[in-house]
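Morning, everyone. Please pull up the sequence and the structure, and I'll walk you through a few regions.

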Amino acid sequence: QVQLVESGGGLVQAGGSLRLSCAASGDFFSINAMGWYRQAPGKRRDLVATITRDSSTNYSDSVKGRFTVTRDGAKNTMYLQMNSLKPEDTAVYYCNAAISIHPGYGMDYWGKGTLVTVVS
C-alpha cells in the first residue's frame, strides 16, 4: 500500500519561512513526477510546483521566486521551501506523486494535506 504523508505545516508570520516535506512509503517500483498543490478555504485546488524524476521544476506564477521544490530520491521525499510567505499563501498543501507499482503500471497518489497559515 502506497502512502504519501506531508509534514511541516504550521502558523507563521508574513515574511517568514516554512519547509514542507512529503514522504512516500510502501511497495512500489519508482516515483515519477511529484508536485505540490494547495487549496484555500472556498477555493479550488491549484498547482503550486512540480518536479520531475530528473529534477526539472515548474512553478505557478504566484510562488515563483519565493518557493523552491526539491526531491531526495534516496529518501523518496519531496520538499517545498517556502520563503517570504504572504497571507494569501494560507491553504492546505497537498502532495501528489505519479508512482509506478511495477514497470508499466502507474497511478496518481495524494497525501492528506498539511495546513499552512500565514498571519500578517
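A word on naming before anything else: strands here are DSSP runs of E, at least two residues each, numbered from the N terminus. With that, Ala14 can be placed: it sits in the loop between strand S2, residues 10-13, and S3. And note that this is a predicted model.

Stay with Ala14. Is Ala14 buried or partly exposed? Its relative accessibility is 39%, so it counts as partly exposed, since buried would need under 20%. Leaving out residues up to four places away in sequence, Ala14 touches Leu85, Pro87, Val118, Val119 and Ser120. Thr117 is 103 residues away from Ala14 along the chain, yet their C-alpha atoms are separated by 9.4 Å.

Now the core. The largest nonpolar core has 31 residues. Which of them touch the most other members? Trp36, Leu80, Met82 and Tyr93 do. Seven strands give two or more residues to this core: S3 (18-25), S4 (30-39), S5 (45-51), S7 (67-72), S8 (77-82), S9 (91-102) and S11 (114-119). S9 gives the largest share, five residues. As background, nonpolar side chains tend to be buried together in soluble globular proteins.

One polar residue to look at is Ser21, in strand S3. Ser21 is buried, because its relative accessible area of 17% is under the 20% cut-off. What does Ser21 touch, not counting residues up to four places away in sequence? The list is Val5, Glu6, Ser7, Trp36, Thr77, Met78 and Tyr79. Trp36 we have just met, among the core residues that touch the most other members.

Next, S4 and S5. These two strands pair antiparallel, over six bridges. Arg38 has Asp46, in S5, as its bridge partner. The two strands form a hairpin with five residues between them, and Gly42 there takes a positive phi near 75°.

Keep that hairpin on screen for the pocket. Where is empty space left? Rolling a probe the size of a water molecule over the atoms shows it. The largest pocket has a volume of about 170 Å³. It is lined by 13 residues, and the closest to its centre are Arg38, Ala40, Lys43, Asp46 and Glu88. So Arg38 and Asp46, the bridge partners, are both on that list. S4 and S5 each supply at least two lining residues. Which strand gives the largest share of the lining? That is S5, with three residues. By type, the lining splits into four nonpolar, four polar and five charged.

S5 has another partner. Three bridges join S5 to strand S6, residues 57-59, and the two run antiparallel. Ala49 stands opposite Tyr59 in S6. This is a hairpin too: five residues lie between S5 and S6, and Ser55 in the turn has a positive phi of about 70°.

Two residues around S6. Thr57 lies in the strand. Its relative accessible area is 40%, so Thr57 is partly exposed. Setting aside neighbours within four places in sequence, Thr57 is in contact with Thr50, Ile51 and Val69. Thr57 and Thr70 are 13 residues apart in sequence and 8.3 Å apart, C-alpha to C-alpha.

Then Ser60, in the loop between S6 and S7. Ser60 is buried, because 15% relative accessible area falls under 20%. Beyond residues up to four places away in sequence, Ser60 touches Leu47 and Val48.

Last stop, S7. Which side chains of S7 point to the buried face? Phe67, Val69 and Arg71 do, and these three are buried. Thr68, Thr70 and Asp72 point to the other face and are not buried. Note Arg71: a charged residue on the buried side.

S7 pairs with S8 in the antiparallel sense, over six bridges. Thr68 stands opposite Gln81 in S8. The hairpin of S7 and S8 has four residues between the strands, and Asn76 takes a positive phi near 50°.

To recap the hairpins: Gly42 has the positive phi in S4 and S5, Ser55 in S5 and S6, and Asn76 in S7 and S8. That's my tour.

Definitions and conventions: Residues numbered from 1 in each chain as written. Predicted model: local features only at pLDDT ≥ 70, side-chain atom pairs only at ≥ 80, totals over all residues. Heavy atoms only, no water. Core = buried A, V, L, I, M, F, W, Y, C linked by side-chain atoms within 4.5 Å. Buried < 20%, exposed > 50% of the residue type's maximum accessible area, 1.4 Å probe, protein only. 1 Å grid on protein atoms, 1.4 Å probe; cavity = no way out; pocket = protein on both sides within 12 Å on 5 of 7 lines; lining within 4 Å. Points joined across faces, edges and corners; volume = space filled by probe spheres on them. Pairing = 2+ DSSP bridges. Contact = heavy atoms within 4.5 Å.
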